[in-house]
Amino acid sequence: MADLLEQIQFVQTRIQEALMRSNNAEETVQLIAVSKSQPVQAIVDMYQAGLRSFAENKLQEALPKIKALSHLCLTWHFIGPLQSNKTKNIATHFDWVQSLSRLSDAKRLNDHRPADRPPLNVLIQVNISHDSHKVGITQAEITTFAEQLQQYPRLRLRGLMTVPKQTDITTTREDFSALAECFRLLQSKGWDVDTLSMGMSNDFEIAIECGATMVRIGTLLFGVRQS
Ligand SMILES: *Cc1c(COP(=O)(O)O)cnc(C)c1O
């Protein structure tokens, strides 16, 4: 437990230091703990150490954890690929979907969002590196996609998310900067978006320096995942 507090403190300190090096030092950065492949107890430990927001990328794995921990009042982020037969459960049990890149998924999430819950927070996933192995829309499609989401009142567009191709630091920095530019452009056009989700264990500092407001960290918090 003491180790865990220290590890979270270590990550938070690095987040703050990266924020100081960025141009938006007055911003805050939200830390999302990526709990995929981690057992329920690991999440409870993180909760006791102060974390409240967790991310999962597979519905089948996430559902039992969400149900087992429903008394804790956690915020759950879905960060994995969306499949049409999973959207109902995702819309019901998650608070955020960060991996939205198809209108058909948007429609289903909207239709299935329970009436007694607030609109589902969504981030548009952008394939900023034009990586054929990654999901996401292109930069050029962002505004049109955002406009089309307006027809879905049960979704609340909060911003953009990306997972850049892992190449070299220079390219990663260029990719993060490019998405930050898209995010600022969206804001300058009057969109009420507040979340730029980019950065994982090995690149979150670069992401924050480029303007990330949310980082998704697994390995650095929980240790290496068992596959
Ligand atoms: C697994 C995953 C992360 C966390 O990765 P780490 O390198 O363990 O920090 C972040 N975002 C997405 C979309 C992921 O799938």
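**Exercise 1.** In this predicted model, find how far a polar side-chain atom of Ser201 lies from an oxygen atom of the ligand, and state which other residues place a polar atom beside a ligand oxygen.

*Solution.* Step 1: the distance from a polar side-chain atom of Ser201 to an oxygen atom of the ligand is 2.5 Å. Step 2: Thr219 also uses a polar side-chain atom, 2.5 Å from an oxygen atom of the ligand. Step 3: Gly218 takes part through its backbone, with a polar atom 2.8 Å from a ligand oxygen. Step 4: the cut-off for a polar contact is 3.5 Å between N or O atoms.

**Exercise 2.** State how much of the ligand's accessible area the protein covers, and which pocket the ligand occupies.

*Solution.* Step 1: on its own, the ligand has 390 Å² of accessible area, and the protein covers 89% of this. Step 2: the ligand takes up the space of the largest pocket. Step 3: the residues around the ligand include Val34, Lys36, Ile79, Met161, Arg216, Ile217 and Arg225.

**Exercise 3.** Locate Leu31 in the secondary structure, and decide whether Leu31 is buried or exposed.

*Solution.* Step 1: Leu31 belongs to strand E1, which spans residues 30-34. Step 2: Leu31 counts as buried because its relative accessibility is 9%, and the limit for buried is under 20%. Step 3: beyond residues up to four places away in sequence, Leu31 touches Val11, Gln12, Ile15, Leu51, Ser53, Val215, Ile217 and Leu221. Step 4: among these contacts of Leu31 is Ile217, and Ile217 is also one of the residues surrounding the ligand.

**Exercise 4.** Give the separation of Leu31 and Arg14 in sequence and in space.

*Solution.* Leu31 and Arg14 are separated by 17 residues in sequence, and their C-alpha atoms are 11 Å apart.

Note on methods: Residues numbered from 1 in each chain as written. Predicted model: local features only at pLDDT ≥ 70, side-chain atom pairs only at ≥ 80, totals over all residues. Heavy atoms only, no water. Helix = DSSP H or I, 4+ residues; strand = E, 2+ residues; numbered from the N terminus. Buried < 20%, exposed > 50% of the residue type's maximum accessible area, 1.4 Å probe, protein only. Contact = heavy atoms within 4.5 Å. Near = heavy atom within 4 Å. Polar contact = N/O pair within 3.5 Å; in protein donor to acceptor, adjacent residues only side chain to side chain. Areas by Shrake-Rupley, 256 points an atom, 1.4 Å probe, with all protein chains shown as cover. 1 Å grid on protein atoms, 1.4 Å probe; cavity = no way out; pocket = protein on both sides within 12 Å on 5 of 7 lines; lining within 4 Å. Sits in = over half its atoms within 2 Å of the grid points.
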